[in-house]
Amino acid sequence: MAEAKTYGLGDVVLMKKPHPCGANEMEIIRMGMDIRIKCRGCQHSVLVPRAKFEKRFKKVLIAAPKKEDEAATE
Ligand SMILES: [Zn+2]
(Lines give C-alpha, C1' and ligand atoms only; values in the text may rest on other atoms or scores of the structure.)
Protein backbone atom coordinates (compact mmCIF):
# COMPACT_ATOMS: atom_id res chain seq x y z
CA MET A 1 0.00 0.00 0.00
CA ALA A 2 1.40 3.33 -1.06
CA GLU A 3 -1.11 5.35 0.83
CA ALA A 4 -0.11 6.25 4.36
CA LYS A 5 -2.73 5.90 7.02
CA THR A 6 -2.77 9.27 8.60
CA TYR A 7 -5.53 10.38 10.87
CA GLY A 8 -5.83 12.73 13.78
CA LEU A 9 -8.04 14.20 16.41
CA GLY A 10 -11.17 15.74 14.98
CA ASP A 11 -10.96 13.94 11.65
CA VAL A 12 -14.04 12.36 10.19
CA VAL A 13 -13.07 8.94 8.93
CA LEU A 14 -14.65 6.27 6.78
CA MET A 15 -14.68 2.80 8.31
CA LYS A 16 -14.58 -0.50 6.41
CA LYS A 17 -17.27 -1.98 8.57
CA PRO A 18 -20.42 0.04 9.18
CA HIS A 19 -21.77 0.66 12.64
CA PRO A 20 -24.91 -1.34 13.50
CA CYS A 21 -26.95 1.80 12.79
CA GLY A 22 -25.78 1.68 9.17
CA ALA A 23 -23.43 4.66 9.16
CA ASN A 24 -19.76 4.11 8.45
CA GLU A 25 -18.55 7.63 9.11
CA MET A 26 -16.91 8.22 12.45
CA GLU A 27 -15.39 11.27 14.08
CA ILE A 28 -12.21 10.88 16.14
CA ILE A 29 -12.91 12.54 19.45
CA ARG A 30 -9.98 11.24 21.50
CA MET A 31 -6.52 10.02 20.60
CA GLY A 32 -4.27 7.91 22.79
CA MET A 33 -3.42 4.26 23.34
CA ASP A 34 -7.07 3.79 22.56
CA ILE A 35 -9.04 5.91 20.17
CA ARG A 36 -12.52 7.17 20.88
CA ILE A 37 -14.69 7.51 17.83
CA LYS A 38 -18.18 8.85 17.54
CA CYS A 39 -20.64 7.55 15.02
CA ARG A 40 -22.04 10.26 12.76
CA GLY A 41 -25.22 8.29 12.33
CA CYS A 42 -26.38 7.68 15.88
CA GLN A 43 -23.86 9.79 17.86
CA HIS A 44 -22.85 6.75 19.90
CA SER A 45 -19.18 6.78 20.89
CA VAL A 46 -16.89 3.79 21.27
CA LEU A 47 -13.38 3.33 22.58
CA VAL A 48 -11.25 1.04 20.42
CA PRO A 49 -7.62 -0.01 20.69
CA ARG A 50 -5.46 1.72 18.10
CA ALA A 51 -4.57 -1.55 16.31
CA LYS A 52 -8.22 -2.43 15.96
CA PHE A 53 -9.06 1.04 14.76
CA GLU A 54 -6.36 0.85 12.09
CA LYS A 55 -7.77 -2.42 10.80
CA ARG A 56 -11.22 -0.93 10.47
CA PHE A 57 -10.13 2.47 9.29
CA LYS A 58 -10.48 3.06 5.58
CA LYS A 59 -9.73 6.71 4.94
CA VAL A 60 -10.09 10.24 6.19
CA LEU A 61 -13.14 11.96 4.77
CA ILE A 62 -12.78 15.34 6.42
CA ALA A 63 -9.45 16.26 7.96
CA ALA A 64 -9.47 18.50 11.00
CA PRO A 65 -7.21 21.55 10.80
CA LYS A 66 -3.72 20.53 11.90
CA LYS A 67 -1.38 22.38 14.18
CA GLU A 68 2.17 22.88 12.95
CA ASP A 69 3.80 21.07 15.84
CA GLU A 70 1.92 17.86 15.04
CA ALA A 71 4.11 17.37 11.99
CA ALA A 72 7.00 16.32 14.23
CA THR A 73 5.04 13.46 15.75
CA GLU A 74 6.03 10.05 14.43
ZN1 LIG B 1 -24.09 4.41 14.72
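Start by selecting Lys38, which stands opposite Ser45 in strand 4. Bear in mind as you go that this is a predicted model.

From that pair, widen the selection to residues 34-39, which make up strand 3; 5 bridges link this strand to strand 4, and the two run antiparallel. Now look at the turn of this hairpin, where 5 residues sit between strand 3 and strand 4. Pick out Gln43 there and check its backbone: the residue takes a positive phi near 70°.

Next, bring the whole sheet into view. Its 5 strands are arranged in the order 4-3-2-1-5, the pairing is antiparallel, and the sheet is open. Colour residues 45-49 and 57-62 to mark the edges: these are strand 4 and strand 5, and each pairs on one side only. Turn the view to follow the strands across the sheet; on average, neighbours are turned by 40° against each other, direction ignored.

Now move over to the strand 5 edge. Select residues 12-15, which form strand 1; 4 bridges join this strand to strand 5, again running antiparallel. For a good pair to zoom in on, which residue of strand 5 stands opposite Val13? Select Val60 and you have found the partner.

Finally, zoom out and trace the chain from its start. Along the sequence the pattern reads β-β-β-β-α-β, with 1 helix and 5 strands in the protein. If you colour by burial, 14% of the 74 residues count as buried. You could also draw the contacts between residues at least 6 apart in sequence: 34% of these join residues at least 24 apart.

Conventions. Residues numbered from 1 in each chain as written. Predicted model: local features only at pLDDT ≥ 70, side-chain atom pairs only at ≥ 80, totals over all residues. Pairing = 2+ DSSP bridges. Axes fitted to C-alpha atoms, helices over the stretch in contact; angles between N-to-C directions. Buried ≥ 20, exposed ≤ 12 C-beta atoms within 10 Å, placed from the backbone. Contact = placed C-beta atoms within 7 Å.
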